Every structure is written in structure tokens, then in C-alpha cells.
Amino acid sequence: MQIYDVRPESFVKQIRCDRCGLLSELGEAEFQEYVSIDLKVGYASIFGDGNDVQVDLCQHCLRTTLGRWLRVSDAVARQSLLAERLLRFDRDHGGEFPMAAAESLQEPETLPVQERPPTVQRSKNA
């Protein structure tokens with residue numbers, strides 16, 4: 001038998017951008033767009049062995065500071081590509097999604113039997 005109880009848990013109510021100071025509250029659209037990095041660095045890190053590194057950036061500061069290295073992909077294009085792949089998916093295949101290149105790898109109906117060269121016996125004295 002499982003006996004349940006309720007206990008309060010902490011949660012993030014506000015986020016302040018560490019770069020520009022913009023404050024956003026839970027429930028605001030901007031709040032959902034923050035990027036938070038929280039990591040423990042390892043041996044020989046430039047941040048010091050085993051230290052913790054954290055930063056919270058609003059979307060505007062993220063683009064300003066890292067924009068030239070960010071890879072942004074179009075969600076609509078990804079969704080249409082997924083839909084196209086789902087149409088080509090064969091349930092009986094039992095595996096991954098077929099790719100366009102995989103269609104060129106189809107085996108022909110008849111394959112020639114490959115001859116195996118005779119094995120050469122070597123004498124023990126050789």
C-alpha cells in the first residue's frame with residue numbers, strides 16, 4: 001500500500017538576466033525564453049577543478065553574445081520533413097526511418113553468386 005503526503009517544493013519564480021538585468025516572472029512569455037547553464041566542471045578546467053558554473057541569459061543577450069555561433073533551424077521545415085518521413089515509414093520494417101539515400105541501396109532481385117577462390121594449403125615446412 002502506498003501512502004501519499006504533500007510537501008512544498010521550491011521552484012523558480014523569477015529569473016534575472018546576468019548580463020542585462022532583465023527580470024521576468026513565471027507565467028510571462030519572456031520567462032520561458034531564458035537560457036540557464038548550470039554545470040560542474042571537471043579536471044583541468046579553466047574554471048577550476050570541480051567548480052560549479054552558472055549563468056542565466058535572456059533571449060536578447062543570448063543572441064547578442066552567442067548569436068554568430070548559434071544554429072537556428074526552422075520549426076515548420078523540421079515538422080514537414082518529419083511528416084514526409086512518417087509517410088515513407090514502413091511499420092513492417094521494424095527499424096529506423098528510411099532516408100532518401102537508402103532508396104539507392106535497394107538490392108536487386110537477382111544477385112550473382114560470388115565464387116570463392118580456392119584456399120591455398122601451406123605445408124608445415126614452409
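**Entry 1, overall layout.** I began with the contacts in the protein that have a separation of 6 or more, and I noted that residues 24 or more positions apart account for 24% of them. I keep in mind throughout that this is a predicted model. I then went through the secondary structure, where I found 3 helices and 4 strands, and from the N terminus on I wrote down the order of the elements as β-β-α-β-β-α-α. For the surface I recorded an accessible area of about 12,300 Å², of which 53% belongs to carbon and sulfur atoms. I also looked up burial, and of the 126 residues of the protein 9% count as buried.

**Entry 2, the nonpolar core.** I asked which residues make up the largest nonpolar core. I listed 8 residues for this core, namely Ile 15, Cys 17, Phe 31, Tyr 34, Leu 57, Cys 58, Cys 61 and Leu 62. I followed Leu 57 further and, leaving out residues up to four places away in sequence, I found that Leu 57 touches Cys 17, Tyr 34 and Leu 62, which are also on the core list, and in addition Arg 19, Glu 33, Val 35 and Thr 65.

**Entry 3, the cysteines.** With cysteines in the core list, I checked for disulfides, and the count comes to 0. I wanted to know why Cys 17 is not bonded to Cys 61, which holds the closest cysteine sulfur. The two sulfurs are 3.6 Å apart, and a disulfide needs them within 2.5 Å, so I noted the pair as too far for a bond. For Cys 20 the closest cysteine sulfur is again in Cys 61, at 3.7 Å, and this too is too far for a bond. I compared the burial of these residues as well: Cys 17 is buried, with a relative accessible area of 3%, whereas Cys 20 is partly exposed, with a relative accessible area of 47%.

**Entry 4, Ser 24.** I turned to strand β2, residues 23-25, in which Ser 24 is found. Is Ser 24 buried or exposed? I recorded a relative accessibility of 1% for Ser 24, which therefore counts as buried. The side chain of Ser 24 makes a polar contact with the side chain of Tyr 34, at 3.5 Å, and Tyr 34 is itself one of the residues of the largest nonpolar core. Not counting residues up to four places away in sequence, I found Ser 24 touching Lys 13, Gln 14 and Ile 15 on one stretch of the chain, and Glu 30, Phe 31 and Tyr 34 on another.

**Entry 5, Asp 18.** I looked next at the loop between β1 (14-16) and β2, where Asp 18 is found. I asked what the side chain of Asp 18 reaches, and I found the backbone nitrogen of Asp 56 at 2.7 Å. Leaving aside neighbours within four places in sequence, Asp 18 is in contact with Val 55 and Asp 56. I also took the C-alpha separation between Asp 18 and Cys 61, which comes to 9.1 Å for two residues that are 43 residues apart along the chain.

**Entry 6, strands β3 and β4.** I searched for salt bridges, and the count comes to 1. The side chains that meet in this salt bridge are those of Asp 52 and Lys 40, at 3.1 Å from N to O. Asp 52 lies in strand β4 and Lys 40 in strand β3, so I noted that the pair ties together parts that are 12 residues apart in sequence. As for accessibility, Asp 52 is partly exposed, with a relative accessible area of 46%, while Lys 40 counts as exposed at 58%. In the loop between β3 (35-40) and β4 (52-57) I stopped at Ala 44, where phi is near 65°, a positive value in a residue other than glycine. Ala 44 counts as exposed, at 56% relative accessibility.

Definitions and conventions:
Residues are numbered from 1 along each chain as its sequence is written. This is a predicted model: local features need pLDDT of at least 70, side-chain atom pairs count only at pLDDT 80 or more; totals for chains, interfaces and linings use all residues. Side-chain values use heavy atoms; hydrogens and water are left out. A nonpolar core is a set of buried Ala, Val, Leu, Ile, Met, Phe, Trp, Tyr and Cys residues joined through side-chain atoms within 4.5 Å. Buried means under 20% relative accessible area, exposed over 50%, partly exposed in between (1.4 Å probe, protein chains only). Contact means heavy atoms within 4.5 Å. Helices (H or I, at least four residues) and strands (E, at least two) are DSSP runs, numbered from the N terminus. Accessible areas come from the Shrake-Rupley method with a 1.4 Å probe; for residues, only the protein chains shown count as cover. A polar contact is a pair of N or O atoms within 3.5 Å; within protein, one must be able to donate a hydrogen and the other to accept it, and residues adjacent in sequence count only if both atoms are side-chain atoms. A salt bridge is a side-chain nitrogen of Lys or Arg within 4 Å of a carboxyl oxygen of Asp or Glu.
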